[in-house]
Amino acid sequence: MTGPGPQRLLLVLSGRSAFESLVGPVPEDLRARFHFQKPRNALRIHALLSRSRLVISKSYRRPEPNRWILAARRRGIPTLLVVDGPLEWSNLYREDHRILSPEVGGLFEPIIHDAVASIGPGQTRWLAARNEGRGISWLDYRNHRIQSSQGTSTLHPPPGLGGRSEPEFDFLLTTARRAWIGPAERGALERVLENCASALDRGGHRVLIRIFDEGLRAAVTRRLPRARSEETGASATAISRARCVIGTSSSLLLEAMQWEKPTATLVFRDSPLFYQTGWLLGPTADWEAGFESMLARDTRRMVFQRHSLQEQLSREDFFDPCRRVLAGTFLARPRPFDDLDRAFERRLGC
């Protein structure tokens, strides 16, 4: 068995750019230790495993990285999962994300790694509760994809994007890239978007549309013929151009709250929300009153949004635990395999 020696590498089962978009650029003092390999590069990964102190992955749905994670643990090498964004109930518990059986949860249930880095304390508490008593180590980190604050460590707007100049638009109306699962959810989302768009049009509001599904975008633009539609460019740019943001659950809503934008979640399904925005808009909403409250930046709701962010977004540097791993003070060895690990392993055919 290969033990955790002092001169070891940190092997990441991902391309470098995709990984750094989550955790930030690898610091200079760690660059020689980090090695990036996509899971399909089997020969190279085999060669690097014997020199690895830690194996890191960020994908939990694909079998290839999970096979390497289990192989690393069998060789005595600790492993770490990096969660790439906020949790969403329908994604967690959809049928094709149940790794084992209907009786055993969904995505991240069970987790097969030795440690997990989540985007904030609220997410950590949920995942830890769903994997209680399994010896997994938990930490959270500042997700750069959401907190794109150009190197700052606060939850304030990035310089130049949350500025004091009057935005072009009153509202940004948006959805997640994959906002619905199945035709019933799509129909429900389309109806809510149409109602929201009609209310925005009645109020004469200036609206920027950022919707990726062509059919949904067409339905909204029919109700909002004067709106501008943009699907390209960074989410940061779209957020900066509007006073308020309305959308389905996604990392963009966390970005918007981070920049102190009054933010509303469009409700079109009955599943629980893992984080709360200051406003909820849906089939029973008083749209006009909601829009007015958002534009007025209701003080109590803005305070609530800041509290929500403290629960959902961490300020911790991802690389500090990595230094502790290399120093031998964290993740000295893998946790023992348990029944859920072994069942997961059999399911993968390892």
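In the predicted model, helices α5 and α11 are oblique to each other, because their axes meet at an angle of about 50° and angles between 35 and 65 degrees fall outside the parallel and perpendicular classes. The two axes lie 5 Å apart where α5 (residues 121-130) packs against α11. On the α5 side the contact is formed by Pro-121, Gly-122, Gln-123 and Arg-125, and on the α11 side by Gln-310, Glu-311 and Gln-312. Classified by residue type, this contact of α5 with α11 comprises one nonpolar, four polar and two charged residues.

Helix α11 (residues 299-312) also packs with helix α9 (residues 251-258), the axes coming within 10 Å and crossing at roughly 125°. Helices α9 and α11 are therefore likewise described as oblique to each other. The crossing of α9 and α11 is left-handed. Leu-254, Met-257 and Gln-258 are the residues that α9 brings to the contact, while α11 supplies Gln-305, Ser-308, Leu-309 and Gln-312. By class, three of the residues in the contact of α9 with α11 are nonpolar, four are polar and none is charged. Gln-312 of α11 thus appears in the contact with α5 and in the contact with α9.

The open and enclosed spaces of the model were examined next. The largest pocket holds about 1200 Å³ of space. Its lining consists of 47 residues, and those nearest the centre of the pocket are Arg-61, Asp-84, Asn-91, Arg-145 and Arg-178. Two elements, α4 (89-93) and α9, give two or more residues each to this lining. The lining of the largest pocket divides into 19 nonpolar, 14 polar and 14 charged residues.

A search of the whole structure for cavities of 30 Å³ or more returned two. The largest cavity has a volume of about 50 Å³. Leu-87, Glu-88, Trp-89, Ser-249, Pro-272, Leu-273, Phe-274 and Tyr-275 form its lining, in which six residues are nonpolar, one is polar and one is charged. The second largest cavity has a volume of about 30 Å³. It is lined by Thr-175, Ala-176, Arg-177, Arg-178, Ala-179, Trp-180, Ile-211, Phe-212, Asp-213 and Leu-216. Six nonpolar, one polar and three charged residues make up the lining of the second largest cavity. Arg-178 is a lining residue of this cavity and is also one of the residues that lie nearest the centre of the largest pocket.

Several backbone features occur in loops. The peptide bond that joins Glu-109 to Pro-110 is cis, with omega near 15°. Pro-110 is located in the loop between α4 and β5 (115-118); α4 is also among the elements that contribute to the lining of the largest pocket. Positive phi values are found at Glu-260 and Arg-297. For Glu-260, which is not a glycine, phi is about 65°, and the residue lies in the loop between α9 and β11 (263-266). For Arg-297, likewise a residue other than glycine, phi is near 55°. Arg-297 belongs to the loop between α10 (287-295) and α11, the latter being the helix that packs with α5 and with α9.

Methods. Residues numbered from 1 in each chain as written. Predicted model: local features only at pLDDT ≥ 70, side-chain atom pairs only at ≥ 80, totals over all residues. Heavy atoms only, no water. Axes fitted to C-alpha atoms, helices over the stretch in contact; angles between N-to-C directions. Helix = DSSP H or I, 4+ residues; strand = E, 2+ residues; numbered from the N terminus. Parallel < 35°, antiparallel > 145°, perpendicular 65-115°, else oblique. Left-handed = near helix turned anticlockwise from the far one by under 90°. Contact = heavy atoms within 4.5 Å. Nonpolar A, V, L, I, M, F, W, Y, C, P; charged D, E, K, R; others polar. 1 Å grid on protein atoms, 1.4 Å probe; cavity = no way out; pocket = protein on both sides within 12 Å on 5 of 7 lines; lining within 4 Å. Points joined across faces, edges and corners; volume = space filled by probe spheres on them.
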